[in-house]
Amino acid sequence: MRAAADDGRDPRLVLFDVDGTLLSAGRAARDSILAALAAVLGWEGSADGNDFSGKTDPQILRELVLESVGAERFESALSAVLDRYVEELRGRLRPEAVVPKPGIPGLLERLAAEPRVALGLLTGNIERGARMKLEPPGFNRYFSFGAFGDDSPDRYCLPPIALERAREATGYEFSPGGVVIVGDSVHDVLCGRSLGARAIAVATGPTSFEKLAAERPSAIFSDFSDVESAMEAILR
Ligand SMILES: [Mg+2]
């Protein structure tokens, strides 16, 4: 973000979710989570029927294994499981399987060119995982900061952290009213509301348009292929 508000309007902080919003990384992350749990904790269960959408990586791991391994063993193994997850993901994530969602490359390009816009990430991915997924389409260059699953297992604790990181990165104190959260899950929308920010929902992930609309986001899109309309909604 360059010098604030040269057109008299307030700077905007736009925070993007990763999976289902910026891109799809296929099954690699899910498979890597299972492989890490098997390697570190000997857990051989299945994740079928679990909805990972909008959850942080530590929360996903905890929900999968808590019952069988217990809280104490889980907490003491968590950092080893996450390290193993990153290792597994590095081996499993094929660059060609990482697919940007419609309109996203153009939308990021346009937002990055806006002088009064700062871009950040707000994602349940741990940072090492998020950076790996964003690498193939070249999206890391748009996001110098963010709040991640390793900052807190509770997604609802992440927005204030993202605001603090934005302040460190830009020197500007964003008020919640100047923040826009963009995501594909119900939790992204509710997360935005918990902060007092505007939430823009996009139905390019596993959650249906109708289900997202029921949470009354500030705006909702089937996808961002109409970049002009997306820009207008974000900068409104
Ligand atoms: Mg998502």
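Two strands pair if DSSP finds at least two bridges between them. Helices (H or I, at least four residues) and strands (E, at least two) are DSSP runs, numbered from the N terminus. Keep both terms in mind for this tour.

The model is predicted: local features need pLDDT of at least 70, side-chain atom pairs count only at pLDDT 80 or more, and totals for chains, interfaces and linings use all residues. Residues are numbered from 1 along each chain as its sequence is written.

**Stop 1: the open sheet**

Select β1, residues 12–16. Now show β6, residues 179–183. These two strands pair in the parallel sense over four bridges. Zoom in on V14: its bridge partner in β6 is V180. Then move to F16, whose partner in β6 is V182.

What lies on the β4 side of β1? β1 and β4 pair in the parallel sense over five bridges. Click R12 to find one of the matches: its bridge partner in β4 is V117.

Next, show the whole sheet. Six strands form an open sheet in the order β5-β4-β1-β6-β7-β8, with parallel pairing. Which strands are at the edges? They are β5 (146–147) and β8 (219–221), and each pairs on one side only.

Walk toward the β5 edge. β4 covers residues 117–122 and pairs with β5 in the parallel sense over two bridges. Select L121: its bridge partner in β5 is G146.

Now walk the other way. β6 and β7 (residues 198–202) run parallel and are joined by four bridges. Here V180 stands opposite R198 in β7.

**Stop 2: two covered strands**

One more term is needed. A residue is buried if 20 or more other C-beta atoms lie within 10 Å of its own, exposed if 12 or fewer, and partly exposed in between; C-beta atoms are placed from the backbone.

Go back to β1. Five of its five residues are buried. In a regular strand the side chains alternate between the two faces of the sheet. Colour R12, V14 and F16 for one side of β1, and L13 and L15 for the other; all are buried.

Try β6 in the same way. Five of its five residues are buried too. V179, I181 and G183 point one way, while V180 and V182 point the other way.

**Stop 3: helix α1**

Select residues 28–41, which form helix α1. The expected span of a helix is 1.5 Å times one less than its number of residues. For the 14 residues of α1 that gives 20 Å, and its end C-alpha atoms are 19 Å apart, which agrees.

Which residues of α1 are buried? They are A28, A29, S32, I33, A36, L37 and L41. These residues cover an arc of only 165° around the axis, so they sit on the same side of α1. The arc is that of the directions from the helix axis to the C-beta atoms.

What do they pack against? Show α2 (57–69), α3 (71–92) and α5: the buried residues of α1 pack against these helices. Contact here has a cut-off: two residues are in contact if their C-beta atoms, placed from the backbone, lie within 7 Å.

Now click D31, also in α1. D31 is partly exposed, because 15 other C-beta atoms lie within 10 Å. Add A71, which is 40 residues away along the chain; the C-alpha atoms of D31 and A71 are separated by 23 Å.

Step off the end of the helix. G42 follows α1, and its phi is positive, near 70°.

**Stop 4: the two domains**

Colour domain 1 (12–25 + 99–235) and domain 2 (28–95). Domain bounds come from an automatic or database domain assignment. The centres of the two domains, taken over C-alpha atoms, are 24 Å apart. The contact takes 20 residues from domain 1 and 17 residues from domain 2.

On the domain 1 side, α5 (127–134) and α7 (186–195) are the elements that give two or more residues. α5 gives the most, with four residues. By type, this side has seven nonpolar, nine polar and four charged residues. Ala, Val, Leu, Ile, Met, Phe, Trp, Tyr, Cys and Pro count as nonpolar, Asp, Glu, Lys and Arg as charged, and the others, Gly among them, as polar.

**Stop 5: R216**

Last, select R216, in the loop between α8 (209–213) and β8. Is R216 buried or exposed? R216 is exposed, because 11 other C-beta atoms lie within 10 Å. Its phi is near 50°, a positive value in a residue other than glycine.
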